[in-house]
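Take a moment to look over the sequence and the 3D structure below. Then let us walk through some of the features together.

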Amino acid sequence: MAMSGGKDDGSPMMEMNTTPLIDVMLCLLIMFIMSIPVATHSIDIDLPVATPPTDTPPPIDPVKNKIVLTQDSKIMWNGTQIDQARLIQTLQATTRMNPEPELQFQPEPEASYELSAQVLQVIKGSAVTKFGFVGNEQFATFGK
């Protein structure tokens with residue numbers, strides 16, 4: 001860095017030398033930049049531990065089995081929740097049994113009509129021969 005010493009004519013120096021001031025300011029700026037913590041854009045979240053899927057088929061009663069559709073769109077096979085793919089597999093397993101067990105269908109009053117139609121289509125496609133609707137007495141006063 002350059003320093004001026006003034007003029008040789010003996011007159012006083014009228015301008016201030018800012019070079020050392022700028023050097024100190026740059027050093028301080030670098031020190032402040034180095035001391036700032038690194039900004040992280042992540043949020044720590046404790047996620048639940050995944051449970052491995054259970055591939056155990058729902059129990060099949062050799063006498064009668066009951067499909068219940070709940071109001072929150074769940075398919076229950078003898079009290080065990082299953083999905084439509086598992087329902088197809090289970091119905092195919094019941095049709096291979098000798099004698100074929102009876103299948104009872106009972107949707108809850110507030111169950112989805114669309115889900116009921118889908119499940120009935122699956123039952124129809126599985127060629128179940130012993131099928132019945134149960135629990136219709138709860139709708140005996142419908143419309144009165």
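**A walk from the surface to the inside**

Let us begin on the outside, where Met16, Leu21, Val24, Met25, Leu28 and Phe32 make a nonpolar surface patch of about 650 Å². A patch here is built from residues with over 30% relative accessible area and no salt bridge, with like charges joined within 9 Å and nonpolar side chains (Val, Leu, Ile, Met, Phe, Trp, Tyr) within 5 Å. A salt bridge means a side-chain nitrogen of Lys or Arg within 4 Å of a carboxyl oxygen of Asp or Glu, and accessible areas come from the Shrake-Rupley method with a 1.4 Å probe, counting for residues only the protein chains shown as cover.

Before going on, please note that this is a predicted model, where local features need pLDDT of at least 70 and side-chain atom pairs count only at pLDDT 80 or more, while totals for chains, interfaces and linings use all residues. Residues are numbered from 1 along each chain as its sequence is written, and side-chain values use heavy atoms, leaving out hydrogens and water.

One member of the patch, Phe32, sits in helix H1 (residues 19–35). Phe32 counts as exposed because its relative accessible area is 54%, given that exposed means over 50%, buried under 20% and partly exposed in between (1.4 Å probe, protein chains only). Of the protein's 144 residues, 21% count as buried.

Now for the overall layout. The protein has three helices and five strands, in the order α-β-β-β-α-β-α-β along the sequence. These are DSSP runs numbered from the N terminus: helices (H or I) have at least four residues and strands (E) at least two.

The loops hold some details of the backbone. Ser73, in the loop between strand S1 (64–69) and strand S2 (75–77), has a positive phi near 60 degrees although it is not a glycine. In the loop between S2 and strand S3 (80–82), Asn78 also has a positive phi, near 50 degrees. Ser73 is partly exposed, at 47% relative accessibility, and Asn78 is partly exposed too, at 31%. Further along, a cis peptide bond with omega of about -5 degrees joins Asn98 and Pro99, and Pro99 belongs to the loop between H2 and S4.
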